[in-house]
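Please open the structure in your viewer and keep the selection tool at hand. This tour moves from one selection to the next and says what can be found at each stop.

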Amino acid sequence: MRLSRYFLPLLKETPTDAQIVSHQLMLRAGLVRQTSAGIYAWLPVGLRVLDKIADVVRREQDRAGAIELLMPTIQSADLWRQSGRYDAYGPEMLRFKDRHEREMLYGPTNEEMITALFRDSVRSYRDLPRTLYHIQWKFRDEVRPRFGVMRGREFLMKDAYSFDLDEAGGKVSYNAMFEAYLRTFAAMGLKAVPVRAPTGPIGGDMSHEFHILAETGESEIFYDSAIEDVDVTDPEAVSKLSSIYAMEAEEHEKVTNCPVPAERLLSRRGIEVGHIFFFGTKYSAAMGLSVQGQDGKPVTPQMGSYGVGVSRLVGAVIEACHDEDGIIWPEAIAPFKVGLINLRSGDAACDVAADDLYAKLQRAGIETLYDDRDERGGAKFAGMDLIGIPWQLVVGPKGVSAGVVELKHRKTGERHELSVEAALEKLA
Ligand code: ATP
Ligand code: MG
Ligand code: MG
Ligand code: MG
């Protein structure tokens, strides 16, 4: 992408309405703009990151055997009356009427809708177990939307729902999602701490939240420091992690004799980026979902639901990965892999060399943002640092005459001069 033809409105000043660094950087680096309280437009660079995060989530959901579908954002109130949650959900639900005076709502979550879809399509035990998911916008009329996309009113969530014939099967599905979540956050370069969590309005009897540690996190979590030593990609990770003490504050307070020695009990702030629940027959029973069992008798399926805050993750990653110059994207979710800088746009030799390198990067399929604008070198460096592209390639007059380019690693700051061929080989 040529920056001279792109849409990347950077801000020089730190916006005063943004309180935390990720929100400030998302505005300064041109990722999002607020259009009304807690509602954001995703600008091109922000959208690229959002899509990459969704792709990582999708890949790990698919790997875990979950099946993607897409449900609508708008739901009917009747559906929620079937589960009894329409009145219980309260003012976080955005309710409205269509032109026929039918009561509608903008979905805050999809347990009711998926239960109805499954109920109306599935008859036999042979169709279970299944886990279905979608990645769709949600709306919750948060009393205090804040911190940018971290607590928005409209936000993107991946939500999955499992259907099993018995409780043991339900726990297998739950653990498969637990593992998928560990892989998902690790693949984004994040360390997420799973903690036991209260089940809240979703209901149920088993629940874990996944937290990214950050001073600005809105949750408080308590855990045994031993949890930090568990290799989350280990096949035993789920059973190891669930046997170590780790609690969201509300759960921790219920514990009268905490088994963890004081020197190992850590208290930290966390950003909730994922939440999994097992709630048995709560929705299937209320909504009349039943299938014919192997013995011919009706079975009420056991269900779980599993959310990831896709848009919240954009902010959470920045909280975890930045320095004083800007964002430092983990490679797996970076908007571009390479930022190509022409240090002297307008100089014929530099223009030819940079254009040629850009063409080669494109042919090699390397996602590149090419700063070809007529701007000072200093401004170009600062812009690339701010946006946080993992690799910067610099074409300048000295290098061009010597036949070399400079490659800078955003995270470590390391710089090397090397030939164009060597640079391409390293980035491929
Ligand atoms: P929170 O405690 O932050 O209000 P929640 O527990 O109400 O979140 P869940 O119902 O568990 O949220 O939804 C699943 C995931 O959706 C959360 O773990 C979080 O990552 C994301 N999420 C929830 N509310 C918001 C929001 N207002 N803005 C952005 N992401 C959100
Ligand atoms: Mg909430
Ligand atoms: Mg919560
Ligand atoms: Mg939650």
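Two strands count as paired here if DSSP finds at least two bridges between them. With that in mind, and remembering that this is a predicted model, begin by selecting β4 together with strand β6, residues 103-106, which pair in the antiparallel sense over three bridges. Within this pair, look for serine 76, which stands opposite methionine 104 in β6.

Now widen the selection by adding β5, and you will have an open sheet of three strands in the order β4-β6-β5, with antiparallel pairing. Because β4 (74-76) and β5 (94-97) stand at the edges and each has a single partner strand, one side of each is left without a neighbour in the sheet. If you turn the view, you can follow how neighbouring strands of this sheet are turned against each other, by 35 degrees on average when direction is ignored.

Next, select strand β3 (residues 67-68) and strand β7 (residues 130-139), which run parallel and are joined by two bridges. Here isoleucine 67 has leucine 132 in β7 as its bridge partner. Keep β7 on the screen and add β8, for these two strands run antiparallel and are joined by ten bridges. One place to look along them is threonine 131, whose bridge partner in β8 is serine 162. Strands of a sheet pair through backbone hydrogen bonds, either parallel or antiparallel.

With β8 still selected, bring ligand 1 into view. Which elements each supply at least two residues of the shell around ligand 1? They are β8 (154-164), β13 (265-280), β16 (302-309) and α10 (310-320), and β13 gives the most, with four residues. In total, 14 residues surround ligand 1, and the closest are Phe155, His275, Gly307, Gly309 and Arg312. If you colour this shell by class, you should find three nonpolar, six polar and five charged residues.

From the ligand, stay with α10 and add helix α2 (residues 44-63), which packs against α10 at an angle of about 110 degrees, with the two axes 9 Å apart. That angle makes α2 roughly perpendicular to α10, and the crossing of the two helices is right-handed. To see where they meet, select Gly46, Val49, Leu50, Ile53, Ala54 and Val57 in α2, and then Val310, Ser311, Leu313 and Val314 in α10. By class, this contact has eight nonpolar, two polar and no charged residues.

For the last stop, select the five strands of an open sheet with mixed pairing, whose order is β20-β19-β21-β22-β23. Its edges are β20 (368-371) and β23 (415-418), each with a single partner strand, so one side of each is left without a neighbour in the sheet. From one strand to the next, the twist averages 20 degrees. Inside this sheet, pick out strand β21 (residues 391-395) and strand β22 (residues 405-409), which run antiparallel and are joined by four bridges; valine 394 has glutamate 406 in β22 as its bridge partner.

Finally, add the helices that go with these strands. Helix α11 (residues 348-363) lies across β19 (338-342), β20, β21 and β22, and runs at about 165 degrees to β19. Helix α14 (residues 420-427) also packs on the sheet, where it touches β19, β21, β22 and β23, and its direction makes about 25 degrees with that of β22.

Conventions
Residues are numbered from 1 along each chain as its sequence is written. Chains are lettered from A and ligands numbered from 1 in the order in which they are written. This is a predicted model: local features need pLDDT of at least 70, side-chain atom pairs count only at pLDDT 80 or more; totals for chains, interfaces and linings use all residues. A residue is near a molecule or strand if its C-beta atom, placed from the backbone, lies within 6 Å of it. Ala, Val, Leu, Ile, Met, Phe, Trp, Tyr, Cys and Pro count as nonpolar, Asp, Glu, Lys and Arg as charged, and the others, Gly among them, as polar. Axes are lines fitted to C-alpha atoms, for helices over the stretch in contact, and angles run from 0 to 180 degrees between N-to-C directions. Angles under 35 degrees count as roughly parallel, over 145 as roughly antiparallel, 65 to 115 as roughly perpendicular and the rest as oblique. A crossing is left-handed if the near helix is turned anticlockwise from the far one by less than a right angle, and right-handed if clockwise. Two residues are in contact if their C-beta atoms, placed from the backbone, lie within 7 Å.
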